[in-house]
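Please read the following walk through one protein model with the coordinates open. It goes through a few residues in turn, each with its place in the chain and its surroundings.

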Amino acid sequence: MEEVVSSEPQVPAVKSKPLTLAAEVNRADAVTGGGSGAAPEIDKDLMCPICMQIMKDAFLTACGHSFCYMCIITHLQNKNDCPCCAQFLTSNQLFPNFALNKILKKASTSQISKNASPVEHFRQALQQGCEVSIKELDTLLSLLAEKKRKMEQEESERNMQVLLDFLNCIRKQKMDELREVQSDLLFIKEDINVVERHRLDLYRARDRYSGKLRMLGDDNTTEKAWTLSANRNNSGTLSGHCNSVGRNAAINSDSKVEGMSRASSQGPQPMDSSSGSDLQHPSQAGLAVLRKKRIHSQFDDLQECYLQKRRLSGNQVSNQEKKSASVLHREGYSVGLDDFQSVLTTFTRYSRLRVIAELRHGDLFQSANIVSSIEFDRDDELFATAGVSKRIKVFDFASVLNEPADAHFPVVEMSTRSKLSCLSWNKFTKNHIASSDYDGIVTIWDVNTRQSLMEYEEHEKRAWSVDFSHTEPKQLVSGSDDCKVKLWCTNQEDSVLSIDMKAQICCVKYNPGSSFNIAVGSADRHIHHYDLRNVSEPLHIFSGHKKAVSYVKFLSSSELASASTDGTLRLWDVNQNTQVRTFRGHTNEKNFVGLAVNSEYIACGSETNEVFIYHKEISKPATRHKFGSPDIDEADDDAGSYFISAVCWKSDSPTVLTANSQGTIKVLVLAA
């Protein structure tokens, strides 16, 4: 038989003996009906009437119908008839259909061949014994080699393109970084020049003041010399002068006593300032060294803070013109540099916490001494404590500082029916304080009469938090394990408003600049910011914490701090609805460890029985203090389980009240 010549560079045609792959496929098509147009009809004839799939292991019945073996056996287990004609049928009347199985096998082979690649066709043809000449093999090898070279070239081009894309991407990124670094360097250069100029101005001013003081000193020396000369000539004048000096000394002595008395009556104000009243302050040179060490210890965070503020001020130069006229920035200072200098000054001012007073909240031998809440009153003269001891104790702050440690007794003590979780002083009425307890009762107390003025019992489970409004004297809000936030009015017996939430409420706090906005922290790991005029949905939901939110506190009307049992504190901007910073360093996995804020610092407790202080611009702790007590036996198994349970700042001073689960209360002050 003559060879069949093809115009395409495909596998060459082979002789009829042995049978070629194409001929084998054609014969299989002829047996099965062949051709794609007849495929649906052939497929239908080859389908099992029971499973409606191509038959597998076909068996023939006595009545002449074919089925899959497993299909007909399963059918005969339930009924003894043919599924097609209903004729009586048993398993003994089934016989293998060899002819149909052969057709099915060839049809399967044909289908595989149709879907196979040219390489697979070639491989099958060689396996089936097709004859190929050496010349044809050389042609095939040349084609394959050329194809391989082409594929390798295309692969290399693709790899080069990928590499080029990567290099272009990294070049763009580095160029952006370079432009950012160049911009930062311009800011730094500009600020260095400004600071150097102002430092020289300060040096000149200091020299001028020193010169004036020397001149005044010289004038006083001359005057004294003239006076002594005149007194030698006038003994009466000398006597009068001595009497005058005596009177002045007496007046000065009286003034000192009066000053000491005034300081004593006004409480421990020298302790609350960094004016140098602490006798243990190091020298100015020592302070400079300490400040440099603090800067280097937190250099990365300070650098990020500076660049962030400087870039922001650089992009918003016009904002400086919008500043209030009462806010005077030094000439040449940018807003960003001025803000950062304020941060740097406050951050480096303190390096430790110093204990200035200590007292116990409960009986030393009483196990239930955990202080759940500690709060200063409106004027920072009194502070109240509460906890699992079922008592509210009110202390005079000045007495705590000035009296011996064994003489600390509360000026007011009020007993409750249940364990207490939270306290909140009324910001307008000095003698009113609210409490929440484990029975879900919110109570308003009069500290003067030691009686409850109002009890609200609508919460169905433990109430964790209560807070008086900063702008409305009669409004307060509470949150509970019953997943409800309730708004109360002191002159009404029932709640004014109720917010139903999906998770337990751990904390609730009023925005100090509004009587309508509150922040709610819950067990769903989110902070819900509500406007009480429309509680159908929150203004915003702040997400980021990994566990329950245990505390929320406002640093200002736009800054909100939160604490969670995920071991982090977070700072949020409630105006921009963004997270500003995350603070890490303390340990908090299961307990309420307290949270307190002022305009610059954030204080929190730790399950390591330590108090941590963070500056709001720096994510790492500024300082810490570990509780220790001579009453704690180092071998005591429970000593390691004590934790800080409550903290409270004394307004914007560096003084903070802290309490732990043992019932120990310490007054700490930030020191250099």
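A residue is called buried when its relative accessible area is under 20%, exposed when that area is over 50%, and partly exposed in between. The model is predicted.

With these cut-offs, take Met 52. The relative accessible area of Met 52 is 49%, so this residue counts as partly exposed, because the range between 20% and 50% carries that label. Met 52 sits in the loop that runs between helix 2 (39–45) and strand 1 (58–61). Its backbone has a positive phi of about 60°, although Met 52 is not a glycine.

The surrounding region carries an annotation. An unreviewed UniProt entry places the feature "domain: RING-type" at residues 48–85. In the model, the C-alpha atoms at the two ends of residues 48–85 are 14 Å apart. Helix makes up 21% of the span and strand 18%.

Another residue with a positive phi is Arg 450, at about 60°, and Arg 450 is not a glycine either. Arg 450 belongs to the loop between strand 11 (442–446) and strand 12 (451–456). Its relative accessibility is 44%, so Arg 450 is partly exposed.

Now turn to buried positions. Thr 346 is part of helix 11, which covers residues 335–349. Because its relative accessible area is 11%, Thr 346 is classed as buried, the cut-off being under 20%. Which partners do the polar atoms of its side chain have? A polar atom of the Thr 346 side chain lies 3.0 Å from the backbone oxygen of Ser 342. The side chain of Thr 346 also makes a polar contact of 2.8 Å with the side chain of His 615. When neighbours within four places in sequence are left aside, the residues in contact with Thr 346 are Glu 600, Tyr 601 and His 615. His 615 therefore appears both in this list and in the side-chain polar contact, where a pair of N or O atoms must lie within 3.5 Å.

Ala 357 is found in strand 4, residues 352–360. At a relative accessible area of 8%, Ala 357 is buried. Beyond its neighbours within four places in sequence, Ala 357 is in contact with Val 400, Leu 401, Ile 665, Lys 666 and Val 667. Pro 404 is 47 residues away from Ala 357 along the chain, and the C-alpha atoms of the two are separated by 9.0 Å.

Note on methods. Residues numbered from 1 in each chain as written. Predicted model: local features only at pLDDT ≥ 70, side-chain atom pairs only at ≥ 80, totals over all residues. Heavy atoms only, no water. UniProt positions renumbered as here; feature names shortened; annotations may be inferred. Helix = DSSP H or I, 4+ residues; strand = E, 2+ residues; numbered from the N terminus. Buried < 20%, exposed > 50% of the residue type's maximum accessible area, 1.4 Å probe, protein only. Polar contact = N/O pair within 3.5 Å; in protein donor to acceptor, adjacent residues only side chain to side chain. Contact = heavy atoms within 4.5 Å.
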